[in-house]
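Student: I would like to work through this one step by step. Can we take the chains as a whole, and then single residues?

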Amino acid sequence: MNQFQYVRPAETSGAIKSVALDANAHFLAGGTNLVDLMKMGIVTPERLVDINNLPLKKIENIQGHLRIGALVTNTQVAENKFVKENFPLLSMAINAGASPQLRNMATTGGNLLQRTRCPYFFDTTMPCNKRVPGSGCGALEGYNRMHAIFGASDKCIAVNPSDMNVALTALNAFVHVSGPKAARTIPFADFHRLPGDHPEQDTTLQKNELITSIDIPTAPFSKNVHYLKVRDRSSYAFALVSAAVALHIENNTIKDVRLAMGGVAHKPWRLTATETFLKGKTVSEDTFKQAAQIAMEGAKAYEHNKFKLKLAPNTLIQALKTASGLTV
Amino acid sequence: MMSDQPLIGQPISRLEGHLKVTGTAKYAGEYNVPGLLYGYVINSTITKGKISSINTKIAKALPGVIEVFTHENRPSLAWFDMQYSDMDAPPGSPFRPLHTADIKYNGQPIALVVAETFELARYAASCVEIKYTEEPFSTDLKENIDKARAPQPGLATFLKPLPPKPKGDFEKAYNDSFAKASGEFYHGTEHHNPLELFSTTTIYEGQGKLTIYDKTQGTINSQLYVGNIFGLHFKDVRVIAPYVGGGFGSGLRPQYQLFLSVMAALELKRPVRVTLERNQMYTFGHRPPTIQNTRFGADANGKITALNHSAIAETSQFEDYTEVVVNWSNMLYPAENTLMEYKLVPLDVYSPLDMRAPGGSTGSHAIESTMDELAYKLNIDPIELRLINYAETDTSVGRPYSSKELRQCFIQGAEKFGWSNRNPEPRSMRRGNKLVGYGMATGIWESMQLPARAEAILTKEGKLLVSSAVTDIGTGTLTVMTQIAADELGLPLADVTFSYGDSKMPFAPIQGGSFTVSTVGSAIKAAGKALRKKLFKKAKDIKNSPLKGTDLEDVVFKNGDIISKNNPALRVSFQDILALNKGAIKTTNTSLPKAFKLKKYSRAAHSAAFVEVEVDEQLGVVTVTRSLTAVAAGNIINPKTARSQILGGMVWGISKALREETITDYKLGKYMNQNLAEYHIPVHADLHDMDVIFVEEKDEIINELGSKGVGEIGIVGMPPAIANAIFHATGKRINQFPIHFDSLL
């Protein structure tokens, strides 16, 4: 680990000013990802701006609309009564990730920014366009069992590792950010990027911008929801495929629906076309099977992740069945 | 408190358990002394070639960096391969750290940065500039089968015999057989991953004397290695390993952190600690990837007539590491026609290293899955098929078993598991949307014994001290040895102290292969017996001794008294003896295996593993919902620690069948998942109902304790039992471990 400066400002504006002082400065929140990356020499900041003293630790219910401060821990969100009652999908997704120890430390804002688990990214001796632009993609022709089946480019086929992000994209969340310029709000679907020619950029966050909170608008998804995560062991493993399903069902008819998948793309993968297909349909296994087919349009597998072409639709079908109360 | 019950056979909790769970037990990397320096290892980032230049200037200039050792400035060391050998070295030329500019494998240690703090050493390591000339390499076993050749024999083959010679005419018998079963089996590289990181703290005591705290499974093994390489008197090298946070075989050979820590301490004349990070544990030793092929033939009654088992395993370019993979089937099943073959493919990797049930767990995967297939071909229950072919004697070498209660393992295991509820038809059992399968398999592991010494002392206060250089790798050695010693002298546990894990204590070999109780336990028993004899003689020598005229056989030792069996009023206390004796009473004794007697018998622990799985075919997810292993391993010294051993083995069996694998990128020659987040071993959520039965087994031949050791037998049967249960659930026979979604969807 390189030597670095460490500061701990008490105000958001001070933190942003402080991070802008150094070209190679990073915000530090829970540290569950950044400290690992520093130990491995993947990130070598000259300055760490610890934001844990900033007043970003509240969960607020603003007339049914949920606002989560960037420093609220994953555990606090998952265990929050209002969240559990109104957005149970979010609780389920968070609890499917990491371990209790990590969730106690990891923050909401940090979770949005966690880096991929692609092994080529994680090892500084390997080629990786995300870590060192232009160095090549080791995974493309290498070991790519964990990797993307949607939206990849020939520069990068890594996936976003977060479970929480999958639920947040399904719930149409918004990300509030502050920065050297005016504060702004980014729709969740636009927050993470596809790799394209610039896999080094995971998100659309601008330099020196700081996530301050996440908003989740009021939605009728308190009952028929499910987060299903399939992985190589029952806990403490990253998703091979996951599905977030939120349904609003009345008289066996799907009035509203939100769908997203994890472990399949460089960003949490929203299934808008599938949602359109399902809206107004009657709940049935056949309908869900058709929906899964639509969801898989455009999927492309690599040498070691071909199983995802079967696993992804099956996961989605099973999550839809569970959410809608059909026997699985 | 003292009961009349012997301590052997009682489920006594680990004596050091409290120290371990409270963090009080100190491990090799936790001994701090003033002025301690920290070494950080730099590993090769290429797989094969040469270091063309190594620039340490920037690193050395950092304040607090003491030295950077490379092949260019290392001290001159021993010349001969022999001097780099160790108790578990395969035939060949042992790896020498920092020897030359040559790179033999990815991750090879190439430099040691020594600094005043660990963090500084690690940072300085990132400032060392290394340039390489790369050469073509090969690390893929499957791509190099054409290079398979017979292993060279050596000292290691004494404990790991090469395959037996062919018997009868296999090809003809197989062709003529009524039912045939065959398969190709594969598992990739696996790494030990003990929880404790590999670490050595070397204290430079001056005048060529060293005290070394080492993570090892053999203090004397490390002592001899260091003495030989650095030209030190053995008596000046003291290696201590009081606690070992798991070994599983990874500490059977001295690892490079020991070499580097000692080298730096001697050169700098200061204490130096070298701790390897988790990913560096993947740079020495592993279970080798192995390809196996089987062909079993049986007659219409299910009697097996022909057995063929062949294996091709990976080794390094510098040593011929071998395992006993193909010798087991004919030990279990008495066929007349056999053909066993074992070959190696040298690749550009580090030498493989014994890993829990080396070879046995590999071989049983193929053997017991093929047996299951054969049972289906014959339409016979898998247990019935094994009973039809029950080996009353070991026909592979033509010797009787010293004891074998495997039949009872089948009977008692099947009863408790509920095997009779199994509908043999594949895909016939369901629970909700999941398929349910029952599978079983036999396990076997040879019971070995090596020479060892032990010392027993009765102190002036009447307490018993016993000692041996043996380690306790977390198996319960401390507790078990204390029980054995206490029983021998008839003392309560509280009056007995077992000291261990120190090379200055009496000789013990490396701790592995399930032979520690048999080896060191026998030495403790022998030392206790000798002390008993000495005490009895001294008791009789007392003036007007009440025991005059009695023989040793006519007395019992109980609670610090020697008491006549015929007349309990006649007794002499240890205190009486000690009062007349000047100081403590001491014996040192060697226990040698009774080679001549033992040679007439095959000696092995057996097990029967039973498994229930649930398979979600939509998601490819397998859950081991229930498992039970019935074990016949002779006398169980401590049913609690033994049960833990078997449970640990069973968990590892689940891991081997369903979870763990070291993934290699063959284009880079590098392991890809060198961390515990992506090297998947089971988590608690993977583990459900698990049970262990020890069946009664008397063995008067194996050793005086009648005990066979239980370190390996718990893992051997589980992986094939799981694969067989998956076949029963799904109708799919998957012979590649770990079994993944990919194959079940």
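## Two chains, by question and answer

Student: What share of the 328 residues in chain A is buried?
Tutor: Keep in mind that this is a predicted model. Buried means under 20% relative accessible area. In chain A, that class takes in 59%.

Student: How many helices and strands are there in chain A, and how does its radius of gyration fit the globule rule?
Tutor: Chain A has 13 helices and twelve strands. For 328 residues the globule rule gives 20 Å, and chain A is close to that, so it is as compact as a globular protein of that length. Its radius of gyration is 19 Å.

Student: What box do the C-alpha atoms of chain A fill?
Tutor: The box is taken along the principal axes. Its sides are roughly 60 × 50 × 35 Å.

Student: What is the radius of gyration of chain B?
Tutor: Chain B comes to 18 helices and 31 strands. The globule rule gives 27 Å for its 745 residues, and chain B is close to that, so it is as compact as a globular protein of that length. Along the principal axes its C-alpha trace spans about 80 × 80 × 50 Å. The radius of gyration is 27 Å.

Student: What share of the contacts in chain B with a separation of 6 or more is between residues 24 or more positions apart?
Tutor: Chain A first: 63% of its contacts between residues at least 6 apart join residues at least 24 apart. For chain B, the share is 81%.

Student: How much area does chain B expose, and what do carbon and sulfur atoms supply?
Tutor: Of the 745 residues in chain B, 63% are buried. The chain still exposes about 27500 Å². Carbon and sulfur atoms supply 53% of that area.

Student: How far apart are the mean positions of the positive and negative charges of chain B?
Tutor: In chain A, 36 positive and 26 negative charges have mean positions 2 Å apart. Chain B has 80 positive and 79 negative charges. Their mean positions are apart by 6 Å.

Student: Why does A:Cys137 form no bond with A:Cys156?
Tutor: A disulfide needs two cysteine sulfur atoms within 2.5 Å. A:Cys156 holds the closest cysteine sulfur to that of A:Cys137, but it is too far for a bond. Over all chains the count is zero disulfides. The sulfur distance here is 5.9 Å.

Student: Is B:Cys127 buried or exposed?
Tutor: The cut-off for buried is under 20%. A:Cys137, at 22%, is partly exposed. B:Cys127 has a relative accessible area of 13%, so it is buried.

Student: Which loop holds B:Gly245, and how far is its C-alpha atom from that of B:Gly474?
Tutor: B:Gly245 is in the loop between strand E10 and helix H6 of chain B. Beyond its sequence neighbours, it touches B:Tyr27, B:Pro194, B:Leu195, B:Glu196 and B:Lys215. B:Gly474 is 229 residues away along the chain. The two C-alpha atoms are separated by 6.4 Å.

Student: What is the relative accessible area of A:Lys57?
Tutor: A:Lys57 lies in the loop between strand E3 and strand E4 of chain A. Leaving out residues up to four places away, it touches A:Asn52, A:Leu71 and A:Val72. It is partly exposed, at 48%.

Student: Is B:Ser655 buried or exposed?
Tutor: B:Ser655 sits in helix H15 of chain B. Its contacts beyond four places in sequence are B:Glu660, B:His680, B:Ile681 and B:Pro682. At 1% relative accessibility, it counts as buried.

Student: What is omega for the cis peptide bond between B:Phe737 and B:Pro738?
Tutor: Most peptide bonds are trans. B:Pro738 is in the loop between strand E31 and helix H18 of chain B. The cis bond that joins B:Phe737 to it has an omega of about -10 degrees.

Student: What is phi of A:Ala98?
Tutor: Most residues other than glycine have a negative phi. A:Ala98 lies in the loop between helix H5 and helix H6 of chain A. It is partly exposed, at 32%. Its phi is positive, near 50 degrees.

Student: Where is B:Asn559?
Tutor: B:Asn559 has a positive phi, near 50 degrees. At 42% relative accessibility, B:Asn559 counts as partly exposed. Its place is the loop between strand E22 and strand E23 of chain B.

Key: Residues numbered from 1 in each chain as written. Chains lettered and ligands numbered in written order. Predicted model: local features only at pLDDT ≥ 70, side-chain atom pairs only at ≥ 80, totals over all residues. Heavy atoms only, no water. Helix = DSSP H or I, 4+ residues; strand = E, 2+ residues; numbered from the N terminus. Rg over C-alpha atoms; globule rule 2.2 N^0.38 Å. Buried < 20%, exposed > 50% of the residue type's maximum accessible area, 1.4 Å probe, protein only. Contact = heavy atoms within 4.5 Å. Lys, Arg positive; Asp, Glu negative; His and termini not counted. Charge placed at Lys NZ, Arg CZ, Asp CG, Glu CD. Areas by Shrake-Rupley, 256 points an atom, 1.4 Å probe, with all protein chains shown as cover.
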